[in-house]
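Good morning, colleagues. I would like to take a few minutes to go through the model now on the screen, with attention to how its parts are arranged.

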Amino acid sequence: MRSVLYVLAALAVMGLAFWAYQENYKTQQAIKQVRNLHAQIGAAHERLGMLKAEWAYLNRPDRLADLAELNFDRLGLLPLMPDAFGQVDNVIYPLPPIEPIINPVELSSDAFVNDGEEPL
Amino acid sequence: MIRTPLRPLARILKARDRGENPDVIEAENKRIRHEEMADKARQRAEGRLLVLGLFFFCAFVVIGGRMGTLASSVPEEPRATTVGNPIIGQRADIVDRNGRIMATNLATHSLYAHPRDMIDPARAAAGLAEIFPELKEEELVADFTGDRKFMWIRRQISPEQMQAVHDIGSPGLLFGPREMRLYPNGPIASHILGGASYGREGVASAEVIGVAGVERQFDGFLRDPANEGEPLELSLDLSVQAATEEVLAGGMSLMNAKGAASVLMDIKTGEVLAMASLPDFDPNNRPRILTEGDQSDSPLFNRAVQGVYELGSTFKIFAIAQAMELGLVNPNTMIDTQGPMTWGRFRIRDFHDYGPQLSTTDVIVKSSNIGTARIALMIGAQRQKEFLGSLGFLEATPIEMVEAPTGAPLVPRNWSEISTMTISYGHGLSSSPLHLASAYASLLNGGTKVEPTLLRQHNPPLGPRVVREEISRRSADMLRQVVERGTASFGEVPGYEVGGKTGTADKPRESGGGYYDDKVIATFASVFPADDPKYVLIVTLDEPSENSGDKPRRTAGWTAVPVAAEMIRRVAPLLGLRPQVDSAQSVSVTLTSN
């Protein structure tokens, strides 16, 4: 009986050792992956920074002002005047067009009475 | 196990027959048995010793091997966990209030040389001189053939230049990664941003440090990796700043001024939305500090913060607001303006003669020095000093720039009665345009003190009360009347009720002793919209002269006011203010498709 216990304990130790070994390697693998991802994130950050800088450089107010001036006529721009501001309620919105009647529905008040239904 | 009996019956019987002692047999057998047991025990012990020896041997081999690998490998931190976010080592960006980038980083390369490794130094020098025109070929050859082991060639180079240097193919020309501070908007807000340069530098990396402006003030914040790259959010609005600078530059050249400054401030929070000083510079290529001459002529000099000037009649509203607060006058009280007013050996004059008396409102509207001086006498030196102190005129502005302490106001050592009178109309106390902006904001926002700030504020607490709300309201009305029928009539902007006060102050001679006759500082301190003040705008021109008439006109009404009006016209829509105009016809929608 005692020897069985010894054998079982030895087996348990071996099993646990194997499990710990595997877990260790899995962790190492995960850490490696995270490090790899961090490196990727870092590279993406750098790229993003570069793109942002380029965006800011291309949208610098000096350049936009020059572009607006160059294309003033072509885009039909107007100088900003105070009377260029409108109120939303000044805008006359077009009424939706009325569709022509294609299939008329015949209705007479008698029909309701005859059916005995409540008119909706 | 078969046990051998100690007294085997057969032998005992035989021994008895022979008359021998049977105990001898038992003793003999005992001895044999003990010997066998001893043999067995020794064998077992020897086996155990062997196993233990083996175990120790293996353990020492493992430890020795491990020590060997540790000694011969590169040390590495054992890592059992990883942090949540990778540390962002870059210097943080600076953005405006809408998140538009004002300063960011760019990864570039630096170029250095190991002349010892060069095969053909002359060819490398020729190639470099071709790529970088500012390098001298002879100097490079001298450096490369001398006994130097290492030299920097360029701190930062573009990718195209890097490729060209690469194509030279010299093994002695090497590149290192280098972070570069980039200001994509060029000279816009240059004085506020300041600039950056390299601190400690090595081949593999270099430290970027701020040298002026907010870059220097917030150097610690911008470099702190704990912020995880969170940008520094300024109160500036890039579009407004750009428009301000454009109008100011145009105004400065039209008015033949040698310098100009403007401050646009949110009246409630003290946030500086735009602050410009001309001439300016490009922070990407910051000029050197002047080694001779007047520092205030350098483009690096920030006139809005560092420039302390006597700001002239713009100060009058403070005397009058204080007198109203103290109940000494009301807008209709008549003030004696008979000139010239003599006080000891001083004589105070007005620009024109305004007759024997004016109402308090008209003292402001017509900008009467005599009238303001009389009101200041009613207030007295002590109370005036306290009031101006509560508006922040007695110390440097607390704005977040390293240059701020250098803009400390110049106050008279002895605040005498004559000082009281001259300060009431803006002479004898020099302060920066930023001081004036925050004082106007404090006076007109309902009467609570604001402190100028360059950082975006979210619901800042109200400051201590300076004047009552009613006085603030009346002051704004008076300033509105200055534009409607007074000295600032050019300040009228259609759609926006502008209020403001002009100020024209003669420049004091640098050598001391008196003032120039033909050099002035023209200032227009304005507030808009006057019926519900939201923004304060200060425009200051240094030595302007408007030459369209017969003789040069230098008063602020002719110089600073039109510039400020144009600025408000441009900037107000950007700030989201709707002009109050009756649109001529109602807008209709034209249908282009059905």
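**Domains, sheet and helix packing in chain B**

Let me begin with the overall layout: in chain B, the C-alpha centres of domain 2 and domain 3 lie 54 Å apart. Please bear in mind throughout that this is a predicted model. The domain assignment divides chain B into domain 1, residues 1-41, domain 2, residues 108-181, and domain 3, which joins 239-287 with 295-574.

I turn next to the contact between the chains. Here 28 residues of chain A are in contact with 32 residues of chain B. Which elements of chain B each supply at least two residues to that side? They are strand E2, residues 101-113, and helix H9, residues 238-254. E2(B) gives the largest share, with 5 residues. Sorted by class, the side of chain B that touches chain A has 18 nonpolar, 11 polar and 3 charged residues.

Now to the sheet. In chain B, an open sheet of 5 strands follows the order E9-E8-E18-E17-E16, and its pairing is antiparallel. At the edges are strand E9, residues 272-278, and E16 of chain B, each of which pairs on one side only. Direction ignored, neighbouring strands of this sheet are turned by 10° against each other on average.

Two hairpins deserve a closer look. Strand E16(B), residues 499-508, pairs with strand E17(B), residues 515-528, in the antiparallel sense over 9 bridges. Within this pairing, B:Thr504 has B:Ala522 as its bridge partner, and B:Gly499 has B:Val527. The hairpin of E16(B) and E17(B) has 6 residues between the strands, and B:Gly512 in the turn shows a positive phi of about 90°. On the other side of the pairing list, E17(B) is joined by 8 bridges to strand E18(B), residues 535-542, and these two run antiparallel. B:Thr523 is partnered there by B:Thr540. E17(B) and E18(B) likewise form a hairpin, with 6 residues between them. As general background, strands of a sheet pair through backbone hydrogen bonds, either parallel or antiparallel.

Finally, the helices. What is the angle between helix H10(B), residues 316-325, and helix H12(B), residues 369-379? They pack at about 45°, with their axes 9 Å apart. H10(B) and H12(B) are therefore oblique to each other, and their crossing is left-handed. Among the residues that meet here are B:Ala319, B:Ile320 and B:Ala323 of H10(B), and B:Thr372, B:Ile375 and B:Ala376 of H12(B). By class, this contact of H10(B) with H12(B) has 7 nonpolar, 2 polar and 1 charged residues.

H10(B) also packs with helix H16(B), residues 469-485, at an angle of about 140° and with the axes 10 Å apart. That angle makes H10(B) oblique to H16(B). The crossing of H10(B) and H16(B) is right-handed. B:Ile317, B:Ala321, B:Met324 and B:Glu325 from H10(B) meet residues of H16(B) including B:Ile471, B:Arg474 and B:Met478. The contact of H10(B) with H16(B) has 6 nonpolar, 1 polar and 2 charged residues.

Thank you for your attention.

Terms used: Residues are numbered from 1 along each chain as its sequence is written. Chains are lettered from A and ligands numbered from 1 in the order in which they are written. This is a predicted model: local features need pLDDT of at least 70, side-chain atom pairs count only at pLDDT 80 or more; totals for chains, interfaces and linings use all residues. Axes are lines fitted to C-alpha atoms, for helices over the stretch in contact, and angles run from 0 to 180 degrees between N-to-C directions. Helices (H or I, at least four residues) and strands (E, at least two) are DSSP runs, numbered from the N terminus. Angles under 35 degrees count as roughly parallel, over 145 as roughly antiparallel, 65 to 115 as roughly perpendicular and the rest as oblique. A crossing is left-handed if the near helix is turned anticlockwise from the far one by less than a right angle, and right-handed if clockwise. Two residues are in contact if their C-beta atoms, placed from the backbone, lie within 7 Å. Ala, Val, Leu, Ile, Met, Phe, Trp, Tyr, Cys and Pro count as nonpolar, Asp, Glu, Lys and Arg as charged, and the others, Gly among them, as polar. Domain bounds come from an automatic or database domain assignment. Two strands pair if DSSP finds at least two bridges between them.
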